[in-house]
Amino acid sequence: MKRAIPVVVLSIAGLVPVWRYEPSIGGGTSTAQATPAPSASSSGGTSSGTVVKGTTVNTEKGPVEVQVTFQGEKITAVKMLQQPNHPQTTAAVPKLIAATLQAQSADIDTVSGATITSEAYKESLQAAIDENAKSASASPSPSGSPSPSAAASRTVDGSALNTEKGPVQVQVTFEGDKITAVKMLQQPNHPQTTAAVPKLIAATLQAQSADIDTVSGATITSEAYKESLQAAIDAKG
């Protein structure tokens with residue numbers, strides 16, 4: 001009986017390495033890897049609209065490039081393809097995009113503290129808008145006649161008004177009777193005017209008329225804007 005004890009001890013000792021090195025089950029971690037999205041062409045139609053890339057603008061802060069999604073002439077989305085890796089740029093981009101969607105043009109304010117990025121953004125955005133307009137005019141419907149949406153769309157220039165601050169003139173785009181976009185053809189080169197224009201355009205799109213409030217601090221420009229706007233509405237008939 002005494003001789004059996006060492007055998008049992010040795011048997012138990014032989015199992016210890018097995019217990020210590022038995023692989024754990026379910027203890028591994030998985031690493032998610034982002035799949036690169038396919039690169040977009042300079043322009044292309046999708047079920048959600050036409051996607052157009054703006055030009056790449058190199059600045060001292062870094063390159064800036066936007067990608068714009070259009071439904072007809074309407075800007076429905078803006079995406080940054082390239083932007084400087086800088087906190088002020090990161091903070092400015094959402095403001096620039098929001099202003100673009102409201103103004104429906106590149107005629108928007110620069111963001112304080114991110115002037116270089118703002119100007120490059122507007123340049124790239126305008127290039128995308130121009131490319132979309134060019135593609136739309138060069139792509140007739142299969143029947144050879146304008147599509148219903150194109151036939152219903154009409155752009156009218158308002159009258160040019162000379163003010164003590166400078167000339168003011170608007171261009172209005174209509175879809176049927178609806179005002180879908182307003183663009184400044186001429187405006188005073190003045191900070192208060194620059195700040196007022198997006199507010200005037202946003203108010204126009206909401207009111208669908210020239211019956212809007214003047215912007216405080218830019219009364220002269222506001223009144224001239226409304227007069228030019230009303231002329232465009234009247235000219236449309």
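**Notes on the predicted model: two helix pairs and a few residues**

1. Leaving aside neighbours within four places in sequence, Met80 is in contact with Val64, Glu65, Val66, Val93 and Tyr121. This is a predicted model, so please read everything below in that light. Met80 sits in strand β5, which covers residues 74-82. With a relative accessible area of 15%, Met80 counts as buried, because the cut-off for that class is under 20%. There is also a pairing to look at in the viewer: Met80 and Gln67 are 13 residues apart in sequence, and their C-alpha atoms are 6.2 Å apart in space.

2. For the overall picture, the protein has six helices and nine strands. Of its 237 residues, 33% are buried. Among the contacts with a separation of 6 or more, 43% are between residues 24 or more positions apart.

3. Now the helix pair α2 and α3. Helix α2 runs over residues 87-103 and helix α3 over residues 115-137, and their axes come within 10 Å, crossing at roughly 40°. That crossing angle makes α2 oblique to α3. The handedness is easy to state: α2 passes α3 in a right-handed crossing. On the α2 side the contact is made by Thr89, Leu96, Ile97 and Thr100, and on the α3 side by Thr117, Ser118, Tyr121 and Leu125. Sorted by class, the residues of this contact are four nonpolar, four polar and no charged. Tyr121 is worth clicking on, as it takes part in the contact of α2 with α3 and also touches Met80.

4. Staying in helix α3, have a look at Ser124. Is Ser124 buried or exposed? Ser124 is buried, with a relative accessible area of 0%. Not counting residues up to four places away in sequence, Ser124 touches Gly54, Thr55, Val57, Val64, Glu65 and Val66. One of these, Val66, offers its backbone nitrogen, which the side chain of Ser124 reaches at 3.1 Å. Val64, Glu65 and Val66 turn up in the contact list of Met80 and in that of Ser124, so if you select these three you will find both residues around them.

5. Gln104 deserves a check of its backbone. Its place is in the loop between α2 and α3, and its phi is near 60°, a positive value in a residue other than glycine. Gln104 is buried, with a relative accessible area of 12%. Leaving aside neighbours within four places in sequence, Gln104 is in contact with Glu73, Lys74, Ile75, Thr180 and Ala181. Which backbone atom does the side chain of Gln104 reach? It is the backbone nitrogen of Ile75, at 2.7 Å. As for Ile129, its C-alpha atom is separated from that of Gln104 by 9.6 Å, with their positions 25 residues apart along the chain.

6. The second helix pair is α5 and α6. Helix α5 spans 191-207 and α6 spans 219-236. Their axes come within 10 Å and cross at roughly 40°, and α5 and α6 are therefore oblique to each other. Here α5 passes α6 in a right-handed crossing. From α5, Thr193, Leu200, Ile201 and Thr204 meet Thr221, Ser222, Tyr225 and Leu229 of α6. By class, that contact has four nonpolar, four polar and no charged residues.

7. Within helix α6, Thr221 is buried, with a relative accessible area of 3%. Not counting residues up to four places away in sequence, Thr221 touches Val168, Pro188 and Thr193. Thr193 belongs to the α5 side of the helix contact described above.

8. Last one: Gln208, in the loop between α5 and α6. Gln208 has a positive phi of about 60° although it is not a glycine. How accessible is Gln208? Gln208 is partly exposed, with a relative accessible area of 29%. Gln104, in the loop between α2 and α3, is buried at 12%.

Methods
Residues numbered from 1 in each chain as written. Predicted model: local features only at pLDDT ≥ 70, side-chain atom pairs only at ≥ 80, totals over all residues. Heavy atoms only, no water. Axes fitted to C-alpha atoms, helices over the stretch in contact; angles between N-to-C directions. Helix = DSSP H or I, 4+ residues; strand = E, 2+ residues; numbered from the N terminus. Parallel < 35°, antiparallel > 145°, perpendicular 65-115°, else oblique. Left-handed = near helix turned anticlockwise from the far one by under 90°. Contact = heavy atoms within 4.5 Å. Nonpolar A, V, L, I, M, F, W, Y, C, P; charged D, E, K, R; others polar. Buried < 20%, exposed > 50% of the residue type's maximum accessible area, 1.4 Å probe, protein only. Polar contact = N/O pair within 3.5 Å; in protein donor to acceptor, adjacent residues only side chain to side chain.
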